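Biologist: I keep meeting words such as "polar", "edge" and "pairing". Show me the model, and let us test each word against its definition.

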Amino acid sequence: MKKHWVARLGVLGLALSLLLGGFAAKPVNAASDDNTFKVGMEAGYAPFNWTQNTDANHAVKIQGSHEYANGYDVQIARKVAKALHKKVVVVKTSWDGLPPALTSGKIDAIIAGMSPTPDRRKTIDFTNPYYISNLTMVVRKDSKYAKAKSIADFKGAKVTAQLSTYHYQAINQIKGVVKEPAMNDFPAMRVALESGTIDGYVSEVPEGITAERANPNLMYIHFAKGQGFKTDASDTNLAIGLRKNDPNKAKINELLATISNKERARLMNEAVDNQPSTEKSGNWFMAIMKQYGPMLLRGTGMTLLLALVGTLVGFIIGLLVGIIRTIPKPKKLGQRGLRAVINWLLSLYIEVFRGTPMIVQAAVLYYGAAQAWHLNMDRTTAALLIVSINTGAYISEIIRGGIISVDEGQFEAASALGMTHLQTMMKVILPQAVRNSLPAVTNEFIVNIKDTSVLSVISVSELFFSGETIAGQSFQFFHTYLIVSGIYLIMTFTISRLFRLIEKHLDGPKDYNVMNNQMQVETPKIGTES
Amino acid sequence: MADEPLIQVKNLKKSFGNHEVLTDINFNVQAGEVVSIIGRSGSGKSTLLRNINLLETPTGGDILFHGKSILGEDVKLSTYRAKVGMVFQSFNLFNNMTVLQNVMVPQQTVLKRDAAAAKTHALELLKQVGMDPFIAAKPDQLSGGQEQRVAIARAEAMDPEVLLFDEPTSALDPEMVDDVLNTMTALAHTGLTMIIVTHEMAFARDVSDRVIFMNNGIIAESGTPDQIFGNPQQTATKEFLKRYLNRV
Ligand SMILES: Nc1ncnc2c1ncn2[C@@H]1O[C@H](COP(=O)(O)OP(=O)(O)OP(=O)(O)O)[C@@H](O)[C@H]1O
Ligand SMILES: [Mg+2]
């Protein structure tokens with residue numbers, strides 16, 4: 001199955017795998033020295049995998065979180081782990097993060113509704129299929145198409161499918177069909193079907209089952225052998241992704257062979273039954289909040305933590321780098337050489353971290369370090385580290401600009417009074433430079449709130465990833481992202497207001513009243529004593 | 001040998017790249033002396049002051065303070081600069097501090113005075129320059145003349161042995177010039193050693209013990225105010241003064 005709606009990320013995924021390909025030469029041993037079988041998935045792609053709040057229906061705990069994963073993929077993962085005599089653990093990772101997580105050894109397998117395409121086979125191995133997701137046609141039970149056995153029976157029928165999927169291309173295989181414009185999502189197609197606007201829509205079998213359960217007036221067609229759509233195995237087969245030369249591959253294939261087609265269908269029916277459904281009745285906002293409020297809250301918390309710590313630590317890094325880079329040239333030759341080297345290193349740091357996307361930095365630090373040096377970092381620590389270092393690079397330049405913009409006379413007056421460089425910086429220049437830089441730092445903070453969303457690539461569940469999960473399993477893309485945007489706006493708006501207040505406070509009162517201050521002079525009475 | 005001069009400038013040279021601004025400067029300043037430096041714009045007056053304070057590094061020659069070179073490796077720059085204060089044409093008050101902090105903080109950081117002592121000293125000096133009602137103001141809430149008086153108090157607060165003034169009134173509106181000049185006159189009467197670059201000829205004549213006329217990077221003529229203003233020897237001095245006196 002191809003993930004149609006994540007096609008945009010393909011380029012990035014390719015860049016990442018190329019980048020990490022450099023490390024791939026070195027074989028990585030099993031991620032789990034202990035007795036766990038770590039499975040990577042998005043946990044937001046129902047009915048294959050989704051996130052839920054309880055361990056109901058044999059759900060499996062998501063590593064480092066209070067949530068559980070369930071779905072067809074999770075049940076397969078449980079069977080595989082059992083055959084390997086290991087304990088199954090789910091690592092929730094964004095789609096792009098899955099291949100590097102596997103090759104770097106952060107996970108042992110990808111079971112995420114992934115198809116073994118030739119491109120993917122270049123970097124990872126696949127088992128035999130654990131599910132074949134054939135194309136079907138969803139129709140009304142009472143229509144004349146209900147008894148169809150072949151795609152040829154749809155001659156003259158009005159048929160559609162989801163936008164930019166191979167499902168929609170497949171309609172061309174039906175001779176004499178009336179191809180309707182593609183539609184955005186399944187709920188819309190179900191409505192269109194029920195109202196008679198269309199006679200059927202092409203989807204994969206899991207959606208057929210889902211439609212049947214959701215609406216008793218609908219059914220999906222079981223095409224006779226050889227009478228259905230002709231499809232490419234790389235579109236329909238779902239297989240387990242493994243590291244190249246994984247010794248467990250044969251054992252897993254053996255196990256998969258024992259799971260009959262009937263059993264697979266049963267597991268899929270069960271998954272469809274258990275998948276979280278968002279109430280269609282009542283207020284959509286309340287429905288989403290009721291079901292996913294805690295997940296959104298946790299995501300918001302993580303986003304705030306990343307942005308806050310990142311901006312704060314980045315600010316400190318920026319200050320230090322700013323101070324070091326503006327130290328006047330020392331007289332001694334040796335010191336001058338040292339200073340040149342340090343300055344060169346600092347500008348290298350700034351160029352590298354400003355010049356590469358944060359998503360790549362995160363992947364290199366988290367997966368690359370694991371692959372190259374077996375350095376296993378906690379993912380939240382890695383995320384905080386990356387945001388801080390990345391922000392530090394930007395703020396260094398902001399502070400440097402702030403320092404340069406302070407009037408030369410301020411430096412001269414401080415030196416003429418005998419202040420050292422450090423004293424001048426701390427007492428005179430930095431307070432002014434920081435004040436001048438505040439608007440730009442606020443900007444960095446706001447950028448961090450939004451841009452930390454890329455950290456889902458290293459399995460950090462911040463707000464955007466939470467939104468993606470909810471949208472993926474509730475199929476309410478528009479409504480979910482509307483809520484997520486609202487949360488982002490509230491955060492960014494609050495922060496920019498807050499910083500305006502800080503700026504105002506730093507500036508002090510606008511006008512000076514001599515009369516008020518004369519009284520202040522009266523009080524100390526120190527001047528007259530000496 | 002009578003009193004050793006406080007400052008001795010010997011064969012001082014300063015070039016910026018190929019541009020030689022100071023060719024060969026020689027003069028002494030005795031403790032308690034008030035010396036005015038006059039001369040055409042671009043003649044190197046500011047450069048000379050900035051070399052004495054080591055804001056610029058001399059390209060040649062030497063400067064002695066209490067008979068000891070200030071260019072040696074063992075001289076602690078911050079200690080020397082605290083003893084040789086400077087007042088700038090553009091005041092250069094610290095914009096992030098109040099008037100009181102401007103005068104207190106340098107004492108605390110450089111001289112390590114405790115806050116109470118620094119404050120007592122600061123209030124005393126601010127009162128002398130008539131700025132005590134403004135101790136809580138920020139520099140951008142003051143007029144130029146007020147800023148310059150605070151800058152003078154700030155320099156004084158370090159208890160310097162010498163104060164250098166680089167055209168302290170040039171950036172001021174005429175009605176504020178007198179405030180600052182009066183403050184400086186009062187300072188001169190306390191016996192403080194002062195080197196003043198100025199275009200205020202009347203002030204130079206009335207307050208200085210000695211006047212130095214600079215021309216093209218050298219000292220063209222120097223002497224008492226009476227000698228320089230009453231009976232200048234060099235044609236350059238005469239021309240310079242004629243232009244100035246005509247203007248006034
Ligand atoms: N940092 C510098 N780099 C290059 N040239 C300089 C620098 N500072 C001063 N100069 C040059 O040195 C010469 C003397 O400058 P200086 O500021 O000492 O003159 P001045 O006598 O103080 O003049 P004014 O009365 O206008 O203040 C000028 O030609 C000036 O361009
Ligand atoms: Mg000058």
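Modeller: Start with one definition. Ala, Val, Leu, Ile, Met, Phe, Trp, Tyr, Cys and Pro count as nonpolar, Asp, Glu, Lys and Arg as charged, and the others, Gly among them, as polar. Keep in mind that this is a predicted model.

Biologist: How do the residues of the shell around ligand 1 divide into nonpolar, polar and charged?

Modeller: Two are nonpolar, eight are polar and three are charged.

Biologist: Which of the 13 residues around ligand 1 come nearest?

Modeller: They are S41(B), G42(B), K45(B), S46(B) and T47(B). By the definition, Lys is charged and Gly is polar.

Biologist: What makes the link between G42(B) and ligand 1 a polar contact?

Modeller: The cut-off is 3.5 Å between N or O atoms. A backbone N or O atom of G42(B) lies 2.8 Å from an oxygen atom of the ligand. That is within 3.5 Å, so the pair counts as a polar contact.

Biologist: How do you know that K45(B) and S46(B) make polar contacts too?

Modeller: Use the 3.5 Å limit again. In K45(B), an N or O atom of the side chain is 2.8 Å from a ligand oxygen. In S46(B), a polar side-chain atom lies 2.6 Å from an oxygen of ligand 1. Both pairs therefore pass the test. Taken alone, the ligand exposes 630 Å², and the protein buries 60% of that.

Biologist: Which elements give two or more residues to the shell around ligand 1?

Modeller: They are β2 (19-29) and α1 (45-52) of chain B. The largest share, three residues, comes from α1(B).

Biologist: Now the strands. Why do we say that β9 and β10 of chain B pair?

Modeller: Pairing needs at least two bridges. Five bridges join β9 (residues 210-215) to β10 (residues 218-223) in chain B. The strands therefore pair, and they run antiparallel. N215(B) stands opposite I218(B). Two residues lie between the strands of this hairpin, and N216(B) takes a positive phi near 50°.

Biologist: What makes β3 and β4 of chain A a pair?

Modeller: Two bridges join β3(A) to β4(A), residues 68-70. The rule asks for at least two, so the strands pair. K61(A) has Y68(A) as its bridge partner. These strands belong to an open antiparallel sheet with the order β2-β4-β3 in chain A.

Biologist: Why are β2 and β3 of chain A called edge strands?

Modeller: Each pairs on one side only.

Biologist: What is the order of the five strands in the other open sheet of chain A?

Modeller: The order is β10-β9-β11-β8-β12, with mixed pairing. The edge strands are β10 (178-179) and β12 (218-220).

Biologist: How do you know that β9(A) pairs with β10(A) and β11(A)?

Modeller: Count bridges against the minimum of two. Two join β9(A) to β10(A), in parallel. Here K158(A) stands opposite V178(A), and V159(A) has K179(A) as bridge partner. Three bridges link β9(A) and β11(A), also in the parallel sense. One of the partners is V202(A), set against A161(A). Both counts meet the rule, so β9(A) pairs with β10(A) and with β11(A).

Biologist: Which helix of chain A lies across β8, β11 and β12?

Modeller: That is α7 (residues 205-214), running at about 125° to β11(A).

Key. Residues numbered from 1 in each chain as written. Chains lettered and ligands numbered in written order. Predicted model: local features only at pLDDT ≥ 70, side-chain atom pairs only at ≥ 80, totals over all residues. Heavy atoms only, no water. Helix = DSSP H or I, 4+ residues; strand = E, 2+ residues; numbered from the N terminus. Contact = heavy atoms within 4.5 Å. Axes fitted to C-alpha atoms, helices over the stretch in contact; angles between N-to-C directions. Near = heavy atom within 4 Å. Polar contact = N/O pair within 3.5 Å; in protein donor to acceptor, adjacent residues only side chain to side chain. Areas by Shrake-Rupley, 256 points an atom, 1.4 Å probe, with all protein chains shown as cover.
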